[in-house]
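Biologist: Could you walk me through this one slowly? I'd like to start with the cysteines, then look at the packing and any empty space inside.

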Amino acid sequence: MRIADRVYGEVDLPPLVAALASTPEFLRLDGIRQLGACAMVYPSATHTRREHSIGVSHLTGVAGCHLQSMYPKRIDADDILCLQIAGLMHDLGHGPFSHTFEEYMGGAWCHEAMSIRMLHHVVAKNVELCTQHFRIYPVEKNVAFICLLISGMDDTTPWPTEETGRCEDKRFLTDIVHSRSTGIDTDKLDYLCRDALAVFGATNALCVTRIVSAMRVTERSRLAFSESVAFDLVEIFRLRSKLHRQVYQHRDVLVAEALIKNMMATYDEQHVLRGVVDDPAMFARLTDSCIVGSTTTPGANLQRPWCRFVPVTISLYTLPLCTSCKSETAFQHKFCTQCGKSTMDRAGDVRDMHSNCLQAPGCTIRSAEVASDVSAIAGVAIAVHIVDIACGTAIEIVDPHTTKWKDYDPLCNVTFLSKDERATLRMNPESFFVPKTRHVRIMHSCLHASATDGDVTKAASAIRQWAMGGGVEITEEYE
């Protein structure tokens, strides 16, 4: 099957991938927008999960063929076919409005796990077709391997040799579609380029072919990159931050997502949504239109104006504060640059952390808690949305007083190889113009569209009062 793709031009899908791309379960992704509620704010953001999945399948195949040309003894034909299928099916478990549905479901539900369930469902219906195209391993071994490629693997997870039929020297393949260690994978490369093209009209937002051609494999079977693309990898996270700031977490988008969640709750009451997701066959019928059309007047709840914004923006501190002057201090500073006091007794919070790393108090503030506090002060129902943008993957950093803090870094977990591919290098992120502020949290608030000017004034006063008590920065940016 040959497809004209808006990012890569014409792409070819091998017979088995093309057949799976023609199944009802996959074609359903045409009814799910890639950016969910973003299309309510950006009319051009109407590309679908199906389009993105085909792009990831193509790019993953390119990456697999590149690595096979460099390491022919470590990658076989079934491996490449599994990579392409994993790229195609990795988002099969997305519900209506993509990540908004995942947030609505909450708890332990995630689209990766649902994608794996849907994969088993699709393969069971097409097992004879799969048997014809897999040449080396049995179908069940390849399906188990595809599941690993979709979910990704931590370095500490034991390799399932018996389940996949493959030796551990193929572990690096699990970092191609979904990398848990670096966050740099074909899924991210495709959606960043595709989203930037749809929203900004930006062509060649990233040097994708250059990044893919720089992929290498270490002696320990880990995916690495040539040191020549360090700048390009930083650009991945720069573009991601820009999209989060201007698109994914735009204040209007956050409000639209809240309205859609309310519509999902209405649909849930009528159709038992949480029961539908337990059945792959029923889940395969869920699309965006199911939710939008669930009310008496389809889409009525999405008509503007959606709300009235409170003209106060709160910047939450993401670095630890000096206990003396309350100014932000860098993790690595031994003394406060403002007052000179030792940073030994800086306060932190470990809420929602799997390790013992501390976070600045502003990193653990939750929108629901703030909404409850400010609503009580103002006597008006106030909705609070927190924009949370991190540059890179979470890392552990130790300050001069041996205290562990949570930070973010785009390159810390990436292994770079020199030209001779023998010595592994750890690049210093500071030398590649990584932003000094790698974690930003901004709080917006709004009222119901019917709120009066007096209600807005009360809300603004309440938010200022809460902010002054919490020692956070206040900026006024809009009406």
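Modeller: Let us begin with Cys-38, which counts as buried, since its relative accessibility is 2%. Please keep in mind throughout that this is a predicted model.

Biologist: How far is the sulfur of Cys-38 from the closest cysteine sulfur?

Modeller: The closest cysteine sulfur belongs to Cys-307, and it lies 16 Å from the sulfur of Cys-38, which is too far for a bond.

Biologist: And what about Cys-207, how far away is the nearest cysteine sulfur there?

Modeller: For Cys-207 the nearest cysteine sulfur is that of Cys-193, at 9.0 Å, and Cys-207 is in no disulfide. A pair would need its sulfur atoms within 2.5 Å to count as a disulfide.

Biologist: Is Cys-207 buried or partly exposed?

Modeller: Cys-207 is partly exposed, with 41% relative accessible area.

Biologist: How many disulfides turn up if you search the whole structure?

Modeller: The search of the whole structure finds zero disulfides.

Biologist: OK, on to the packing. Which residues touch the most other members of the largest nonpolar core?

Modeller: That core has 109 residues, and the ones touching the most other members are Leu-67, Ile-85, Leu-119, Phe-225, Leu-233 and Ile-236. Helix H12, which covers residues 230–248, gives the most to this core, contributing nine residues. Apart from this core lies another one of 24 residues, including Val-312, Val-374, Ala-378 and Val-380.

Biologist: What is Ile-236 in contact with, leaving aside its neighbours within four places in sequence?

Modeller: With those neighbours left aside, Ile-236 is in contact with Ile-184, Lys-188, Leu-189, Leu-192, Leu-206 and Ile-211.

Biologist: Now the empty space. How many cavities of 30 Å³ or more are there?

Modeller: A search of the whole structure finds two of them. The largest cavity has a volume of about 40 Å³, and the second largest has a volume of about 30 Å³.

Biologist: What lines the largest cavity?

Modeller: Its lining consists of Met-153, Asp-155, Arg-171, Phe-172, Thr-174, Asp-175, Ser-221 and Arg-222, and these residues divide into two nonpolar, two polar and four charged.

Biologist: And which residues line the second largest cavity?

Modeller: The second largest cavity is lined by Leu-20, Ile-85, Leu-119, Val-123, Cys-130, Phe-134, Val-143 and Ile-146. This lining divides into eight nonpolar residues, with no polar and no charged ones.

Biologist: Which helices each supply at least two residues of that lining?

Modeller: Helix H6 (111–125) and helix H8 (139–151) each supply at least two residues of the lining of the second largest cavity.

Terms used: Residues numbered from 1 in each chain as written. Predicted model: local features only at pLDDT ≥ 70, side-chain atom pairs only at ≥ 80, totals over all residues. Heavy atoms only, no water. Core = buried A, V, L, I, M, F, W, Y, C linked by side-chain atoms within 4.5 Å. Buried < 20%, exposed > 50% of the residue type's maximum accessible area, 1.4 Å probe, protein only. Helix = DSSP H or I, 4+ residues; strand = E, 2+ residues; numbered from the N terminus. Contact = heavy atoms within 4.5 Å. 1 Å grid on protein atoms, 1.4 Å probe; cavity = no way out; pocket = protein on both sides within 12 Å on 5 of 7 lines; lining within 4 Å. Points joined across faces, edges and corners; volume = space filled by probe spheres on them. Nonpolar A, V, L, I, M, F, W, Y, C, P; charged D, E, K, R; others polar.
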